[in-house]
Every structure is written in structure tokens, then in C-alpha cells.
Amino acid sequence: MKLVKKKGPLYAQVKEILKERIQDGIYPVRSLMPSESFLEEEFQVSKITVRKAMEQLAQEGYVQKQSGVGTTVLDNRAFIKLSTGQPFSAYLKQEGKHVRKEVLGITVVDPPFELTHLKGKVLCIQRLYYLDDKPYIVFVHYIPDSFNLPNVAGEYEGSLYTLLREAGVSFNRFQDTFGVGVANVEVYRSLGIEEIPLLKRTRHTYDLDEQLVEYSIAYYHTEMQEYVMDLHL
């Protein structure tokens, strides 16, 4: 297959072709992607071009590269960009906002009431998101302690989902529910505001075996910034 540069960067063309094949089931979920050398020959491009295409597919959550194994297909849904984690944060940054995270606490606890079906302890990670240096979102994540995630605050200033992928998790789907309500005292103290109704997002994250790998609650101070869902196909 000969690609034409006038249609855009070669790596972007390769990525889109491979993405379509994944979505169409040509490369099934959990199967290995063709080798780099095979794709180089098929598309008549360099190794660097193929690797950049694969890196972008990995960033979008379609594939995962594993040392000594190869590149595995993780998901084939057309709405995959919703499940790469924190698209709202990406939107804010694109709008020129400054976003940073502060880890408020990391503790090992019994599962909360909503997760009593889980066996064993869970890791509770509390984070505060700042928008232009003002407290904006409080997150509380619960993750099975069996993943042995690090107990170092600095590790959670980046993407939590990247840490889970590195721990061997392959995401299948996210289930988000939204509501408005009153939070607990600690949330208002962290946000530095009086008690007012807040936007509440509850998320259940499942792996390919439909096992719950993360449960999280987030409270948004939407008087500062409305919640925006920027959807891409």
C-alpha cells in the first residue's frame, strides 16, 4: 500500500488505517498487532513512522505495547477517546487553562459501602485538582490493593490510568453517572468554599474481564468552570 504525503503526515495515515482495522475487528481485542517490520513493508514507510503511529494508538487507548510480547489490541470502540482518562482535563489545557494536581492522601482501607462485594482492602487515593491555581475538583479513587500500586504521593500527580496500565490492567469500559448534591465537610474544606450544591461524578472502571478496577467520586466547583464533554469519533 502506497501512502501519499499530500494526504497528511504518513504516521497519521498509518494510525487511521490501523484504527479502522481495530474498530472493524480485523485486529480483534486481545490479539497481537502485526509486527513493525510487516507494517513497514505493507505501508512502505520507515520504522520511525510505524512507531509513531503505534504510540498514538496507545495514547488513545487502542493498543498496549508489552516488552517481550508485542503490541496488544485493548479496545475497538469508536468512542475510545472517552475512555482514555481525563478528557475534561485535556479540554481545559487546550483552552489555555493551567491544571495541576495535589495528592491529599493515600491510605489502605476497607471497601466503602458501594464496593462491599470486593474482597480484601482497597487503596484510597484523594486528589485535589487546581484550575489556574484555585481549588476546583476533589477526587477520591478506590482501587483494589491487589494491584500493588506505589504508596508514593508523587506517582499520582500524573495519570492514574497510566499507572494501572503499567500494573497490567486492560480497560474495557467506563461507566459515569452525574448528579448534584451536598458533599462532606472535607470536600468543602479542600475546595475552600462554603457548603453549596456541587456537581458529582461517580465512575466505575472495568477491565476486559468485566472486573471492577477503579471506583471514584469527583466533586466539581462548577461556579468556577462548567463541566464540558468534548466528544470525538
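Which residues lie nearest the centre of the second largest pocket? In this predicted model, where local features need pLDDT of at least 70 and side-chain atom pairs count only at pLDDT 80 or more, totals for chains, interfaces and linings use all residues. Residues are numbered from 1 along each chain as its sequence is written, and side-chain values use heavy atoms, without hydrogens and water.

Glu 36, Met 54, Lys 65, Gly 70 and Thr 71 lie nearest the centre, within a lining of 18 residues. (A pocket is an open set of points on a 1 Å grid over the protein atoms alone where a 1.4 Å probe fits, with protein on both sides within 12 Å along at least five of seven lines; lining residues have an atom within 4 Å of a point.) Helix 3 (47-59), strand 1 (63-66) and strand 2 (70-73) each give the lining at least two residues; helices (H or I, at least four residues) and strands (E, at least two) are DSSP runs, numbered from the N terminus.

Glu 36 and Met 54 return in the packing of helix 2 against helix 3, where Glu 36, Leu 39 and Glu 40 of helix 2 make the contact with Lys 47, Val 50, Arg 51 and Met 54 of helix 3 (contact means heavy atoms within 4.5 Å).

Leu 39 of helix 2 also takes part in the next contact, as helix 1 (residues 10-23) and helix 2 (residues 36-43) pack with their axes 12 Å apart at an angle of about 110°. Axes are lines fitted to C-alpha atoms, for helices over the stretch in contact, and angles run from 0 to 180 degrees between N-to-C directions. Helix 1 is therefore roughly perpendicular to helix 2 (65 to 115 degrees). Val 14, Ile 17, Leu 18 and Arg 21 of helix 1 meet Leu 39, Glu 42 and Phe 43 of helix 2.

How values were computed. Parallel < 35°, antiparallel > 145°, perpendicular 65-115°, else oblique.
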